[in-house]
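Here is a short report for a reader meeting this structure for the first time. Look over the sequence and the model, then read on.

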Amino acid sequence: LSLPEIQEVAAIGVPDPKWGERPCLFVVLKPGASLNEAVLKNRLKTGLAGWQVPERVVFTTELPKTATGKVSKKTLRERFQGHNRGLSEGELQKFHD
């Protein structure tokens, strides 16, 4: 599934009281692109099973990378915890590796 507004995306599993774990997407939009969580979820529903559509979507300016250039899922989990505590995007960026 490819969406023209998205430059980069990563998914992590986050705790869910009913299912144990649900997907959460971290999305980097292309410069000048506009997309919100509701529109993204609706588009994903056309190509994914209902249980695969993420519970949460976090829009960010960049994805944290490891020294080898791979997305740091550990850092994304830390960001998700910060996002749940209501931290701003600037405060969340402090978790960038």
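## Strands, helices and cores

Cys24 stands opposite Arg56 in β3. That pair belongs to a wider pattern of strand pairing, taken up below. One point comes before it: this is a predicted model.

**The overall plan.** The chain has three helices and three strands. Along the sequence they follow the order β-β-α-β-α-α. The chain has 97 residues, and 34% of them count as buried. Its exposed surface is about 6,000 Å², with 53% of it supplied by carbon and sulfur atoms. Take the contacts between residues at least 6 apart in sequence: 52% of them join residues at least 24 apart.

**How the strands pair.** β1 and β2 run antiparallel, and ten bridges link them. A hairpin of three residues connects β1 to β2. Ala11 faces Leu25 in β2 across this pairing. Ile12 has Cys24 in β2 as its bridge partner. On to the next pairing. β2 and β3, residues 56-59, are parallel, with four bridges between them. Here Phe26 stands opposite Val58 in β3.

**The crossover.** Which elements make a right-handed β-α-β unit? They are β2, helix α1 and β3, with α1 spanning residues 37-45.

**The helix face.** Three residues of α1 are buried: Leu40, Lys41 and Leu44. Seen down the helix axis, these buried residues fall within an arc of 95 degrees, so they line one face of α1. An α-helix has 3.6 residues a turn, so residues three or four places apart point the same way. The cover over the buried residues of α1 includes β1, β2 and β3.

**The largest core.** Ten residues form the largest nonpolar core: Ala10, Ile12, Val14, Cys24, Phe26, Val28, Val58, Leu63, Leu76 and Phe80. Two or more of them come from each of β1 (6-16), β2 (20-29) and α2 (73-84). In soluble globular proteins, nonpolar side chains tend to be buried together. Ala10 gives a view of this core. Beyond its neighbours within four places in sequence, Ala10 is in contact with Cys24, Leu25, Phe26, Leu63, Val71 and Leu76.

**Another core.** Apart from the largest core lies another, of nine residues. Its members include Val27, Leu35, Leu40 and Val57. Leu40 sits in helix α1. Is Leu40 buried or exposed? Its relative accessibility is 1%, so Leu40 counts as buried. Leaving out residues up to four places away in sequence, Leu40 touches Leu3, Ile6, Leu25, Val27, Leu35, Val57 and Phe59.

**A charged name among the buried.** Arg22 lies in strand β2. Its relative accessibility is 12%; because buried means under 20%, Arg22 counts as buried. What does Arg22 contact, leaving aside its neighbours within four places in sequence? The contacts are Ile12, Gly13, Val14, Asp16, Gly50, Trp51, Val53, Pro54 and Glu55.

**Across the sequence.** Leu40 and Arg22 each touch residues from other parts of the chain, among them Val57 for Leu40 and Trp51 for Arg22. The table gives the separations of these two pairs.

| Pair | Apart in sequence | C-alpha to C-alpha |
|---|---|---|
| Leu40 and Val57 | 17 residues | 8.6 Å |
| Arg22 and Trp51 | 29 residues | 8.2 Å |

**Putting it together.** β2 pairs with β1 in the antiparallel sense and with β3 in the parallel sense. β2 also gives two or more residues to the largest core. Cys24 is a member of that core, is the bridge partner of Ile12 and stands opposite Arg56 in β3. Phe26 belongs to the largest core as well, and stands opposite Val58 in β3. Leu40 of α1 belongs to the other core.

Key: Residues numbered from 1 in each chain as written. Predicted model: local features only at pLDDT ≥ 70, side-chain atom pairs only at ≥ 80, totals over all residues. Heavy atoms only, no water. Core = buried A, V, L, I, M, F, W, Y, C linked by side-chain atoms within 4.5 Å. Buried < 20%, exposed > 50% of the residue type's maximum accessible area, 1.4 Å probe, protein only. Contact = heavy atoms within 4.5 Å. Pairing = 2+ DSSP bridges. Right-handed = clockwise from strand over helix to strand, strands pointing away. Areas by Shrake-Rupley, 256 points an atom, 1.4 Å probe, with all protein chains shown as cover. Arc of directions from axis to C-beta.
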